[in-house]
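Biologist: I have a few questions about one residue and about how the chains are arranged. Please show the structure before we begin.

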Amino acid sequence: MALDFERSDIGLPPGSAVYVGDRHPEEIALSIIGYDPVGSWVKSAKTVDELLQYRNASGITWINVNGFRESDAISRLAEVYKIHPLTIEDILNTEHRPKVEEFDDYLFITLKEISNPEDSPFVFDQISIVLTANTVITFQETAGDSFDGIRKRILSNLGRVRKHGAEYLAYSLMDSVVDRYFLVLDTLGATIEDFEERAVDVKDVAFISDLQETKQRLHHARRAIWPLRESLSVLLRTESVYVNEVLTPFLKDLQDNVIQAAETVESYREAISGIMEVHLSAASNRLNKVMKVLTIISTIFIPLTFIVGVYGMNFTHMPELNSVYGYPIVWGIMILIAIGMIAFFKSRDWL
Amino acid sequence: MALDFERSDIGLPPGSAVYVGDRHPEEIALSIIGYDPVGSWVKSAKTVDELLQYRNASGITWINVNGFRESDAISRLAEVYKIHPLTIEDILNTEHRPKVEEFDDYLFITLKEISNPEDSPFVFDQISIVLTANTVITFQETAGDSFDGIRKRILSNLGRVRKHGAEYLAYSLMDSVVDRYFLVLDTLGATIEDFEERAVDVKDVAFISDLQETKQRLHHARRAIWPLRESLSVLLRTESVYVNEVLTPFLKDLQDNVIQAAETVESYREAISGIMEVHLSAASNRLNKVMKVLTIISTIFIPLTFIVGVYGMNFTHMPELNSVYGYPIVWGIMILIAIGMIAFFKSRDWL
Amino acid sequence: MALDFERSDIGLPPGSAVYVGDRHPEEIALSIIGYDPVGSWVKSAKTVDELLQYRNASGITWINVNGFRESDAISRLAEVYKIHPLTIEDILNTEHRPKVEEFDDYLFITLKEISNPEDSPFVFDQISIVLTANTVITFQETAGDSFDGIRKRILSNLGRVRKHGAEYLAYSLMDSVVDRYFLVLDTLGATIEDFEERAVDVKDVAFISDLQETKQRLHHARRAIWPLRESLSVLLRTESVYVNEVLTPFLKDLQDNVIQAAETVESYREAISGIMEVHLSAASNRLNKVMKVLTIISTIFIPLTFIVGVYGMNFTHMPELNSVYGYPIVWGIMILIAIGMIAFFKSRDWL
Amino acid sequence: MALDFERSDIGLPPGSAVYVGDRHPEEIALSIIGYDPVGSWVKSAKTVDELLQYRNASGITWINVNGFRESDAISRLAEVYKIHPLTIEDILNTEHRPKVEEFDDYLFITLKEISNPEDSPFVFDQISIVLTANTVITFQETAGDSFDGIRKRILSNLGRVRKHGAEYLAYSLMDSVVDRYFLVLDTLGATIEDFEERAVDVKDVAFISDLQETKQRLHHARRAIWPLRESLSVLLRTESVYVNEVLTPFLKDLQDNVIQAAETVESYREAISGIMEVHLSAASNRLNKVMKVLTIISTIFIPLTFIVGVYGMNFTHMPELNSVYGYPIVWGIMILIAIGMIAFFKSRDWL
Amino acid sequence: MALDFERSDIGLPPGSAVYVGDRHPEEIALSIIGYDPVGSWVKSAKTVDELLQYRNASGITWINVNGFRESDAISRLAEVYKIHPLTIEDILNTEHRPKVEEFDDYLFITLKEISNPEDSPFVFDQISIVLTANTVITFQETAGDSFDGIRKRILSNLGRVRKHGAEYLAYSLMDSVVDRYFLVLDTLGATIEDFEERAVDVKDVAFISDLQETKQRLHHARRAIWPLRESLSVLLRTESVYVNEVLTPFLKDLQDNVIQAAETVESYREAISGIMEVHLSAASNRLNKVMKVLTIISTIFIPLTFIVGVYGMNFTHMPELNSVYGYPIVWGIMILIAIGMIAFFKSRDWL
């Protein structure tokens, strides 16, 4: 559920390596990629120590950790790479808000991958990146495919990634996560256009729930996207050792993309408010029309019913009743009244 | 009451040691814990002077004061630890907003513990922490159990607390208070989900009062949580002697938690606004449906009643009346009219 | 009137000593208090020059001016104490927003005293304080009693005031004004609680006007309170000669109080919006219920009326009419229809 | 029209001296005032060159230009006083937002004079001031009388203006424009109070249009007032050569006035929103009351009409019909039903 | 569609030269203009290399690229002028938000041209400007005519453009784009005035959709205009080599224009909200009036129908029936009741 919010580490000392998230933690899967401008290789391993054997001194190393079940493995990694216990806590707490934090030995980045499964709320997967001198370690709650493109680019030496340092790899990983926001927003944009088209005619009360649900989704997307912008801006402002002259335009570009995504979310929220207003106006308009027509029908017949009631009275002395023309005259009067009322309502534009 | 707001010290000179709060101040209960990396001990006392005997020169001392009835005892503590009269006033004024303030001899922290008793508004307990070189003094309005975990960790030497200084103890105490926010927000999240499920179908007018009451609660929670973030940010920015390199990441982590709590409160408020809108739309939709059906029933019968009224007239010359087929023909006409009207309403999608 | 807003000095050169306010300026009343840690005395005078005789060289002097009718007297004071014409203009313009402004020879403080007479809007009295090296001059539009407590404390040597300099006196005066805000807010809190209790049941249209009127009051209170916070914050930031080390914690405490008052005002506004929403929902709900019941009564009887109309027709050949059981059978049918409709409405939860 | 917005210089090179405004530019009228602490004189002229003859070396010169028809004259002035073409463009573009801008040779100030003709929207006249070392040049779109007071004060040596430099004159001119805001706001305040009094009872739909129109006016007033505050604040912050020690308190005072005007506009907007809410509630309440009473009348008579219908049936066997007491008994029953219904409605507080 | 949002470069390495936009990219059209204070010439070319032949060493060169189909040509340009791949990506991504970014070798400016085709949403064309030492390169998605005026001014040596450097040309191009905003806003202002006039009387439900659609347009216009202001402000603050003393007032003027455009957009949004409120109030008022009149007609006839029903009863003993005056008396009573009710409704102001 969107509002579900659980922290199973409450009461524990700060910095405890405990998984905090709302899904069943998957089994751990470790992989390592090494590369330099000349070559590259990839290995996967069962344990951290097996994995660490594959490290080689020169070049860039990228370690990927999928699944958080065995926190022992993660603790071991933390030990080797001197990762602060609080960073480990943040990695395992998959409800953490996006941030970029600089430590003595590494830069810690955590951000959200957004995916949009068919007919269900957004899924937010936390992706954490630890960037040290020449190693990048990534942590994913579940095995996603967002890094596949980069993996392929490294192994086939496409693009710039092999030519640059670990910082560029970290940037590329963030970039690939942010690129996905546009995919998700694209799908959502189609949904909103669909809402827009149905706004006037739809009669189902579920429409409003749907709109609200989409608004909530956008709110959650905003929470996942917005803090990243701030963090990137801090990173660019402070003279971090992880941000060199080559990287700066790329980070600025990433920041532009994050802002664009956040602004699109804002536009969608605005659009939904507009759709809501149009929908409610249309519904109320439709009802009012119906009620007006129904009321007018009653209003025409009630005086006529009174007239026929008059000649249904049983007074002994009612001269009209004995007249041969009484009956047709009454009909004539009633038809005139009906026509008069309809004409009056038409003239007033009530019909 | 949530809106109850009393200051019994109005008119008194500033810095007067007077209890300001809306509950009956409990009797004072004093306890002292001493520890260093090697060992630890705990004592409780009846008077401040008795308590102060237990202090020992080396190691960290943690004095806890529960209940504010005997302000003499608190004045005595203030005297011994050179606490500014205004700090004492802030400790006793349990309506004070959270803050962190640096004095010459100590750091003063005041924050709110939030608890959520069954079926009643939030309870906000003020917790004040005075942090001096190697002593932490905590003040609680009522005997709460938020510090039990830390007490246990000190005495059993679990976690990091025994290894670090008084600052770390103060941080741990704040952390344990902030951790509780998530417990309370968790419960509230369940309530809001429950609201969400009932929003469309519930017919009780109390539902709206409940929503508003929850909104008010969130507003109060926000007031208790938000200022803390600002204070922590000031503390991290200024070069305080109480914030060393070891503590910084922990304080940043605490700040992250406070922000996460505050953002969750914001999300809940947003969710409640959405629920309100869905509820009102559903209620209005339901009513409109009922009224439409009822109006349609009347609209069908009113013309028919007119027709039977026509043949209830007592004119002497009404040829239809004497016809053998008059009666069944009228019935036929009326049935046709009724069917025609129903068909028309159906075709217009009014039924 | 709350919205009344008059500036009688328009067109005059800036810095003219003209009373700008919406009340009849009272006759001037001058008083002077002198004190040092050892002793104190108080005098009142008819003219400024008489008053100035009472000054003595050592110790602190506090001059209080009540009523603004004789601006000559005020001009004379300005001359003696080198007060800038614009300060005098600000003192006499009782619509001025609160501020703290540092001049070469003095610190000028202007703030609002809020009082809440029975059943009428808030009254805002402007209080201006001119703080020079060892003299405090206070200006009050009308004779209020907000300074009585401090006067008593000085004369009886209670609290700290006699021990500190003129700055502390100025602070104490501001503090006593701000303390009164809580009294007024307390009363208002009770009013709002009362609104809260009546929100669901009250049927008087004046309720909404009352809510709006209270909202306007809160808006005016906010305008009176909020700028003070900013001014104090500027005063604390800039290295003013009037703010020494002793005074700083007191000013911070004052600022905390001002923020607390402003936040309480915010909470009240929020509460009033909630009350409005609950009230409107309850009223609309109540009306809808009534209309539904009334409509259902009509809806039950209209078909029955049609049936009796049928048997009121005067056709010669209506076989039912001659049947002995016709009449009771029709009654039976009608009762069945009525029961059926009621059952149907109940099953649909419309009744 | 308030929304009218035209720029006739689109497509022209930037800095073109073209009049941009929505009124017919008046013929140019030039006047010059010279003064020093000792004396003063005033002249008017047909052409700029004639005007410039009257300049004298010592003392302060104030040139006033009314009407923008002959932009040649203005170009000539610009040439003599080295005014940047963009400044000339800003002077002639009377839709420009208020600002204070420092150039190498002069300070350029543009602000709006607001006037409030009977029964029509606000009129915004742009006033531009060019302040050089000892000359002030003012530009007015139409001949207004806002500067008359200052002219008189200079010529009769009232107030401070003759004693100070050109900066003080420029300040006085701005002050006289800002002072007028309060006149306009005063009138508007009376209008809003009038709205407030009529809010509950007025039945004309034009009331809402009037409120919206006033809100739009306030929005435009805000746009005319607010940017000035920012500009003044920039002027006070930067170390401008045009702001000396003597002028600073006067500029701060001016800024206070501008803030007060802007806050009053804010208060009025708030008040109008409140009035709208009260008005709509009152209107809806009134309608609901009417509909309820009408519906209750129908609801009482419909069952009675059914009863009389029953005894209008023509069954041969209806024992009640032949009873002597039938008729009065039916009347009795109907009266009882009517009373019962009324009592029921009263007990439920529906009547 | 306004909400359409596509990024076809997702998954590609950052800095890929891929066209991202929602229109069919036009064929490339290259042109080059050279000028110095003495002379000027213009050429167009098929390929970049052909174009580059026309460059001459002295003077200013302006290269214009229309259409993005052949990205090879653009890549070639990038190579020659050392344009960063990310800049090329930004040029081709026509959904990019406006910005000004300084690179080592050039200043990159991207902004939106807004045009307003008859009866269709705004069209946003992205215009990118690369400003190097003495060359300006402009990129347009489609062949627009916004630069025609400047082209003419260069070739005919009108205005200042020939006298200044490349920076002034870049400024002029931005200025001509921003000037067009006022044309578009002008048209929109007329539309909004038209809405304003129709707000009270229009009965079409499409009116609300139209208002919402205009609001969306304004939202998009705001997104196109607002970021420019920020970028210009950064450019003016930072000590850019591209901003010299001559250019500063022109850039400030441009910034003023951008702010004015953005504020006009804000005013329009505010106006639309007001129109919506007036429209909904008027519609609801109209409906209420109709329903009230209809209900009153029913309310008058229902009691009369009851009365005639009474005398339609078939009781044997109904003394009134045999009275000669019975019938006229009943008529009299009914007329009195009708008049009484109408008088009552009138007195209550219900009719």
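Biologist: Is Glu102(A) buried, partly exposed or exposed?

Modeller: This is a predicted model, and the relative accessibility of Glu102(A) in it is 35%. Buried would need a value under 20%, and exposed a value over 50%. Because 35% falls in between, Glu102(A) counts as partly exposed.

Biologist: Which strand holds Glu102(A)?

Modeller: The strand in question covers residues 99–102 of chain A. Glu102(A) belongs to that run, and the strand is β4.

Biologist: Beyond its neighbours within four places in sequence, which residues does Glu102(A) contact?

Modeller: A contact here requires heavy atoms within 4.5 Å. With the neighbours within four places set aside, the partners of Glu102(A) are Leu107(A), Ser240(A), Val241(A) and Tyr242(A).

Biologist: What separates the C-alpha atoms of Glu102(A) and Asp49(A)?

Modeller: Along the chain, Glu102(A) and Asp49(A) are 53 residues apart. In space, their C-alpha atoms are separated by 26 Å.

Biologist: What kind of axis relates chain B to chain A?

Modeller: A turn of 72 degrees, with a shift of 0.0 Å along the axis, lays chain B on chain A with an RMSD of 0.1 Å. That relation is the one given by a five-fold axis.

Biologist: Which residue of chain B has the C-alpha nearest the axis?

Modeller: The C-alpha in question lies 4.5 Å from the axis. In chain B, that C-alpha belongs to Gly312(B).

Biologist: How far apart are the nearest C-alpha atoms of chain A and chain D?

Modeller: Chain A and chain D do not touch. Their nearest C-alpha atoms are apart by 9 Å.

Technical notes: Residues numbered from 1 in each chain as written. Chains lettered and ligands numbered in written order. Predicted model: local features only at pLDDT ≥ 70, side-chain atom pairs only at ≥ 80, totals over all residues. Heavy atoms only, no water. Helix = DSSP H or I, 4+ residues; strand = E, 2+ residues; numbered from the N terminus. Buried < 20%, exposed > 50% of the residue type's maximum accessible area, 1.4 Å probe, protein only. Least-squares fit on C-alpha atoms with pLDDT ≥ 70 in both.
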